[in-house]
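Biologist: I am new to this structure and would be grateful for a close look at a single part of it. Please then set that part beside what is found elsewhere in the chain.

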Amino acid sequence: MCGIVGYVGTRNCVPVLLDGLQRLEYRGYDSAGIAVLDGGSLSVHKRAGKVADLRAMIDHGTIHGTVGIGHTRWATHGIPSDMNAHPHLDCSGSIAVIHNGVIENYASLKTRLQSQGHVFRSDTDTEVLAHLVEEQYGRSGRLDHAVRSALAQVTGTYGLIAMSTRDPEMLVVARRGSPIVIGYGAEEVFVASDPSALVQHTRSVSYLEDGEVAVVRRGGVETKTLDDVQIRKEVQQLTFDLEEIEKGGYAHFMLKEIHEQPETIANALRGRLLAEEGQAKLGGLDPALGTLDRARRLILTACGTSWHAALIGEYMLEQYARIPAEVEYASEFRYRNPVLDGNDAVMLISQSGETADTLAALHEARRRGAAVLGVCNVVGSSIARETDAGVYVHAGPEIGVASTKAFTSQLTVLALITLLLARRKGMSPSEGRTLVAALQRLPEQAREIVAAGEAVASIAREFAHARNFLYLGRGYNFPVALEGALKLKEISYIHAEGYPAAEMKHGPIALIDENMPVVFIAPHDGTYDKVLSNIQEVKARKGRVIAIVNEVDEQIRSLADHVIVVPPTLDLLTPILTIIPLQLLAYHIAILRGCNVDQPRNLAKSVTVE
């Protein structure tokens, strides 16, 4: 989950490293540091806190070098501190290493190295790598050989960069389980854990695969396996612009990304609807359509917000395509000996395409013979490369740690997949055209909701100091209750729970009193009357009700303390609209509480460690 960046070239690397870390800070922001080869020695500066704190302590005029590495940390082993910040050095101070991942056998390696006289200065697992490379350097005499030999002793995951004063024009980069992208310029090469750190410098990139090691020099990149077998890498072009990773006049990335949803929903639909035929066209799924037609069941697996999207996808697919569907937490999937074979298809949903648990589920499903499909946002990501087929959601870069636009884009794509499979399973053309028409209306409907955001801000002012929230919904909107509660927890640090509305009577109703805000997602669907009864039960216990509805009728007006209206649509599409005011509610409450909405405490955007 950490952000790493490296540079070999002709210009002073310090601004390149600091700007890259600023772009990557959403991946981790406990501490930051850089190491630069300056006048034949390593100049290392690191500090607990944000990248801005590191930038403030560095005098650009006194550090100069054309080779360097940088790191912004999400802590795993050891508290956030100056000492535990990366880069980490060997005993001689001539080797520096930065690392994203977890070295699972670090304790035994550390004990052995200490017994051989190595002195450790931090509490991190990463420092073991620096000392292992030091140990192997004496035997091989070359940094790349030393890194390969060191990694042969390591159990765990890593995306790492090593540098040394003894090989001053070289960076050695390796990957197992944590993403690495390499960018190519004129007489310069960039390395990062995410393309967002590179796009201001180059669009030409390649991606390391697991088990690959790259030797990066100013004149080019040589990639080999850990066993020293040469690999030819394909150079790809980045498809997003620098403006997409800027705030664009908004106070926060999260607010910008909420407001981008009318456009990102449209992007997810663009070129994929066949209006006259009442059908969807998803070229990325073409290789798997026969498999999906024959599949005994479809398992959707994901983590966090993407798991909530998977739940809604399950409802869609079962209701319309009549495909037996199950939803699994990717973090639990491979640990419970799942029953899978060649008759099953597994769909992996991930914004980043790099989520460690979801990738592990992919590998487990493939090992057991199931077809593996992907729904992800980041072009060229591991899930996109490793699945048999899949669909991009085209939400563009999402920088805010709390996912917003990626969620609604995932739901839009799941609706398209549902339409495609339902038509193949017997849905009539007229039903298909009805669904297509409803999908086409979504961007403008989302625009209406975003435009009315000030009404949500007014409600937020009343509840900003609440200690607990309860979110309730039925059917398609039960997962929306889960996602709304998650958004509030993530960025405002208020305890919140999402439940099926009918389950309230099986426990949570005990919490309701005059201090408990209860958010009901109550569109005018087949469960509306049931939800009204649940609202009455809350009001009988003096709970304070916020209702998300399609229209204000007399019953809602008499029961709810606050009403937020969203446009009506087909039941399966309601979550795409009902979640937007809940994103805004969480945002405004967090701002009123003085929270950092883009970088909430303890969280990082892409969970690339287990």
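Modeller: A residue is called buried when its relative accessible area is under 20%, exposed when that area is over 50%, and partly exposed in between. The model is a predicted one. The part I have chosen is helix α5, which spans residues 143-151.

By the cut-off just given, Leu143, Asp144, Ala146, Val147, Arg148, Ala150 and Leu151 of α5 are buried. That makes seven of its nine residues, so the helix is largely enclosed by the rest of the structure. Several elements provide the surroundings: the buried residues of α5 pack against helix α4 (127-140) and against the strands β7 (158-164), β8 (167-176), β12 (212-217) and β13 (220-225).

The buried residues of α5 include the charged Asp144 and Arg148. Both belong to a network of salt bridges, whose other members are Arg142, Lys224 and Asp228. In general, side chains of opposite charge can pair when their charged atoms come close.

Salt bridges occur elsewhere too, and the whole structure holds 33 of them. One joins Glu188 to Arg11, with 3.0 Å between the closest N and O atoms. Since Glu188 lies in strand β10 (residues 188-192) and Arg11 in the loop between β1 (3-8) and α1 (13-24), this pair ties together parts that are 177 residues apart in sequence. Glu188 is buried, at 11% relative accessibility, whereas Arg11 is partly exposed at 32%.

Another salt bridge brings Arg296 and Asp344 together, at 2.8 Å from N to O. This pair also links distant parts of the chain, 48 residues apart: Arg296 sits in the loop between α8 (289-294) and β18 (297-302), and Asp344 in strand β20 (residues 344-350). Arg296 has a relative accessible area of 41% and is partly exposed, while Asp344, at 1%, is buried. A further salt bridge, at 3.5 Å from N to O, is formed by Glu260 and Lys256. Here the acidic partner, Glu260, is partly exposed at 22%, and Lys256 is buried at 7%.

Burial also marks the nonpolar cores. In soluble globular proteins, nonpolar side chains tend to be buried together. The largest nonpolar core in this model has 97 residues, and those with the most contacts inside it are Leu300, Ile417, Leu439, Phe469 and Tyr471. A second, separate core has 32 residues, among them Val5, Ile63, Leu238 and Ile399. Beyond its neighbours within four places in sequence, Phe469 is in contact with residues including Phe463, Leu488, Ile494, Met516, Val519 and Ile589.

Tyr471, also of the largest core, stands opposite Gly498 in strand β24. Strand β23 (residues 468-473) runs parallel to β24 (residues 495-500), and six bridges join the two. Between them the chain passes through helix α16 (residues 478-492), in a right-handed β-α-β crossover.

Finally, the search for disulfides finds zero in the whole structure. Cys13 illustrates this, as the nearest cysteine sulfur, that of Cys2, is 20 Å away. Cys13 is buried, with a relative accessible area of 0%, and Cys595 is buried as well, at 14%.

Technical notes. Residues numbered from 1 in each chain as written. Predicted model: local features only at pLDDT ≥ 70, side-chain atom pairs only at ≥ 80, totals over all residues. Heavy atoms only, no water. Disulfide = S-S within 2.5 Å. Buried < 20%, exposed > 50% of the residue type's maximum accessible area, 1.4 Å probe, protein only. Salt bridge = Lys/Arg side-chain N within 4 Å of Asp/Glu carboxyl O. Helix = DSSP H or I, 4+ residues; strand = E, 2+ residues; numbered from the N terminus. Pairing = 2+ DSSP bridges. Right-handed = clockwise from strand over helix to strand, strands pointing away. Core = buried A, V, L, I, M, F, W, Y, C linked by side-chain atoms within 4.5 Å. Contact = heavy atoms within 4.5 Å.
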